[in-house]
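Hi,

Here is the structure I promised to pass on. Have a look at it first, and my notes are underneath.

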Amino acid sequence: MQFRFCPQCGGELSGKEIGDEGEVPFCERCGRPWFSFSYPCVICLLHDGAGNYALIQQTYATKNFVCVAGVIHAGETAEQTALREIREETGLEAQELRYVGSWYYPKHDNLMLGYACRVERGEFRLSDNEVKSAGWFDENKAVELLSHGRIGVDLLKKWLEANK
């Protein structure tokens with residue numbers, strides 16, 4: 001997000017050189033810079049620890065299978081968000097979270113923090129609002145299903161490389 005007006009006073013911002021940051025939107029009235037930012041999110045690769053991966057189909061976005069993902073709410077840590085999103089979207093409980101890496105998603109201006117999340121296989125209890133279907137897939141099928149997008153397949157491949 002790029003600021004044009006001060007979120008505090010509403011005044012128009014002007015560019016000001018700030019150290020190594022270069023020119024940054026600055027409010028002369030409030031005396032502070034307003035750095036641009038991306039919206040922080042999590043993306044969760046759900047696995048059962050035995051080479052199977054749970055993927056979902058969303059009701060509102062793509063027809064493709066994807067990883068569980070969601071925006072970090074104010075006051076939440078990335079780990080709390082991952083646990084909440086897994087529970088909300090699949091009804092499963094994560095047993096273990098491992099940070100894998102981060103990716104920038106320009107389409108929605110998101111910084112996506114990627115986790116591999118071990119969950120116990122059980123019956124999916126899907127979010128009526130967000131998830132159309134879910135399923136368990138072996139490694140090859142998961143790579144195939146995620147190959148339509150860059151971040152999900154990158155997360156899976158990075159996880160696989162780290163665990164060989």
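Below is what turned up, going from the sheet as a whole to its pairings and turns.

Keep in mind that this is a predicted model. The main thing to look for is an open sheet of 3 strands, ordered β1-β2-β3, with antiparallel pairing. β1 and β3 sit at the edges with a single partner strand each, so one side of each has no neighbour in the sheet. In general, strands of a sheet are held in pairs by backbone hydrogen bonds.

Start with β1, which covers residues 14-17, and β2, which covers residues 23-27: they run antiparallel and are joined by 4 bridges. If you want a pair to click on, Glu17 has Glu23 in β2 as its bridge partner. The hairpin of these two strands has 5 residues between them, and Gly19 takes a positive phi there, near 45°.

Now move to the other side of the sheet. β3 is made of residues 32-33, and 2 bridges pair this strand with β2, again in the antiparallel sense. Which residue in β3 stands opposite Phe26? That would be Pro33. Cys27, meanwhile, has Arg32 in β3 as its bridge partner. The hairpin of β2 and β3 has 4 residues between the strands, and here Gly31 is the residue to check, with a positive phi near 70°.

That's it from me; shout if anything is unclear.

Cheers

Conventions: Residues are numbered from 1 along each chain as its sequence is written. This is a predicted model: local features need pLDDT of at least 70, side-chain atom pairs count only at pLDDT 80 or more; totals for chains, interfaces and linings use all residues. Side-chain values use heavy atoms; hydrogens and water are left out. Two strands pair if DSSP finds at least two bridges between them.
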